[in-house]
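Here is a short, friendly tour for someone meeting this structure for the first time. Have a look at the sequence and the 3D view before reading on.

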Amino acid sequence: MYYKGFYHLFYQYNPKGAVWGNIVWAHSVSKDMINWIPLEPAIVPSKPFDKYGCWSGSATTLPGNKPVIIYTGIINLNPKPGHQVQNYAIPANYSDPYLRKWIKPDNNPIIKPKHENVSSFRDPTTAWFNNGHWKLIVGSKRDNRGIAYLYRSRDFIKWTKSKHPFHTKKDVGMWECPDFYPISSQGTNGLDTSALGEDVKYVFKASLDMTRFDYYTIGKYNLVQDKYVPYNTSIDGWAGLRYDYGNFYASKTFFDPITKRRILWGWANESSTQSEDIAKGWAGIQLIPRKVWLDPSGHQLLQWPIAELESLRGQKIELTNVKINKGDIIEIKGINVVQADIDVTFRFSSLDKAELYDEKWKKFPPEDLAKSICGIKGATVQGGLGPFGLVTLASSKLEEYTPVFFRIFKIAGGKYKVLFCSDATSSSLNKNEYKPSFGGFVDVDLTAKKLSLRSLIDHSVVESFAEGGKTVISSRVYPTLAINKNAHLHIFNNGSEIVTIERVDAWSMNTAHIN
């Protein structure tokens, strides 16, 4: 949230070590969402209503610029993972722009499960206001059905559950960290969470406890019934759209009232072993914040790193109009390739050499279709139009490397399917790491015969944005050789169609300040 000149980030944190447990609300503030000042935790277990943990939740700004936090408290360790209730906390001193101290009033909890699943009743959203009531949703499940329960309040203290769920879907499992927000049909500006209007569509996001990825739908909000209804253009389930097809979970958006942006925060956990996490002393990162807005098609969101990130750009190199033949690998030199921002546009003269899409791939689970094809058709598997893209965090003899690339397939009706992969399979010689090949499809018109790719590389993370943020994949990687000055960055083509690097802009990225 934003308050009195500072962006405030609250996050789940274990003060006692780099493993899960002892969960508190850690708190950091920033002027630009890039450089941060860590403060003492805002909320820690201390009362009967949160004795065993202060789990996730949200902040809402009430009239008069008064922030309030609603969070999940654990009141008993059983039934596992804990008996869950919703509590609120308010600032001890509204004149403090840092909001260092928070009070948890004794009239907590304000929302308790009555007939709901007490061990699956968590993560209240930012509230919105209409028809005289504040409204929020709480994630839950019954059997294998994901449920978002709606609660209403006039005063933010006394909450009443709606007679019907705000949204529900069978066979998806627990909906963690639900998020619901309006999005404009016009332009790229975000909207306040309570915004209404003719040009407004809505996004509903759930984090799937069973699969550990986030998916979202775009739909309409029925104000009369207080229900969310996805459009039939959105798949509502495991095979639905994702913000990120890689290591990304428990995401949360907020409206930035200063710049009128909707901004997305996502968590990437480690893909290393717990003993390695303990040895390095930390586990889990927030990815670079992203601006989100509606694609002109109206069918999906677009995401792009916030512009403030560009303040870290240092040394720059540029290339234009470089042809890459099949088997070519061109090194990008002159920048710090382990802290880098690379933006490249590829051009090709023909789609004729695109490979035929194999209908046998229908056997793969739909939610893992692109990932499965990326696993079969890696960067080293020669193709027609593609694979082409980047080879990041590469050792000198390519014993380790993480390629990020496109591959284009022909499908029925003279159409094409664009596959986008971020493949950690060869990222590290360390055999203990989780090294998946992630993938997503890119819904793009290839008339111009161009594709763009931007990758943010930061030691153990590669965040990649295809075609202006239509498809995004984040990978966590842990090279043993390709570190610091021993790492290399390349652009490659392993398809028979010649690909031209129309333009590449690449920057060394300076280190953000954590004061």
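What follows is a walk through the cysteines, one helix and one pocket.

## The disulfide

Keep in mind that this is a predicted model. Search the whole structure and you'll find one disulfide. The partners are C374 and C421, with their sulfurs 2.0 Å apart. That fits the cut-off for a disulfide, which is a pair of cysteine sulfur atoms within 2.5 Å.

The bond ties together distant parts of the chain. C374 belongs to helix 2 (residues 369-376), C421 to strand 30 (residues 415-423), and 47 residues separate the pair. As for handedness, the torsion about the S-S bond of C374 and C421 comes out at about -85°, so this disulfide is left-handed. Both ends are tucked away: C374 is buried, and C421 is too.

## Two cysteines without a bond

What about C54? It takes part in no disulfide. The nearest cysteine sulfur to C54 is that of C177, and it sits 15 Å away. C54 counts as buried because its relative accessibility is 0%.

C177 is in no disulfide either, and the nearest cysteine sulfur to it is that of C54, 15 Å off. With a relative accessible area of 11%, C177 is buried, since buried means under 20%.

## Around helix 2

Back to the helix that holds C374. Which residues of helix 2 are buried? They are L369, A370, S372, I373 and C374.

And what do the buried residues of helix 2 pack against? Their neighbours are three strands: strand 29 (402-411), strand 30 and strand 31 (437-442). Strand 30 is also where C421, the disulfide partner of C374, is found.

## The second largest pocket

Helix 2 turns up again in the lining of the second largest pocket. This pocket has a volume of about 1200 Å³. It is lined by 44 residues, and the closest to its centre are A239, G240, R242, Y245 and E367.

Which elements give two or more residues to that lining? Strand 17 (213-222), helix 2, strand 30 and strand 31 do. Strand 31 supplies the largest share, with five residues. By type, the lining residues of this pocket split into 22 nonpolar, 13 polar and nine charged.

So helix 2 and strand 30 are good names to remember: C374 and C421 link them, and both elements help to line the second largest pocket.

Terms used
Residues are numbered from 1 along each chain as its sequence is written. This is a predicted model: local features need pLDDT of at least 70, side-chain atom pairs count only at pLDDT 80 or more; totals for chains, interfaces and linings use all residues. Side-chain values use heavy atoms; hydrogens and water are left out. Helices (H or I, at least four residues) and strands (E, at least two) are DSSP runs, numbered from the N terminus. Buried means under 20% relative accessible area, exposed over 50%, partly exposed in between (1.4 Å probe, protein chains only). Contact means heavy atoms within 4.5 Å. On a 1 Å grid over the protein atoms alone, a cavity is a set of points where a 1.4 Å probe fits but cannot get out, and a pocket is an open set with protein on both sides within 12 Å along at least five of seven lines; lining residues have an atom within 4 Å of a point. Grid points are joined across faces, edges and corners, and a volume is the space filled by probe spheres set on the points. Ala, Val, Leu, Ile, Met, Phe, Trp, Tyr, Cys and Pro count as nonpolar, Asp, Glu, Lys and Arg as charged, and the others, Gly among them, as polar.
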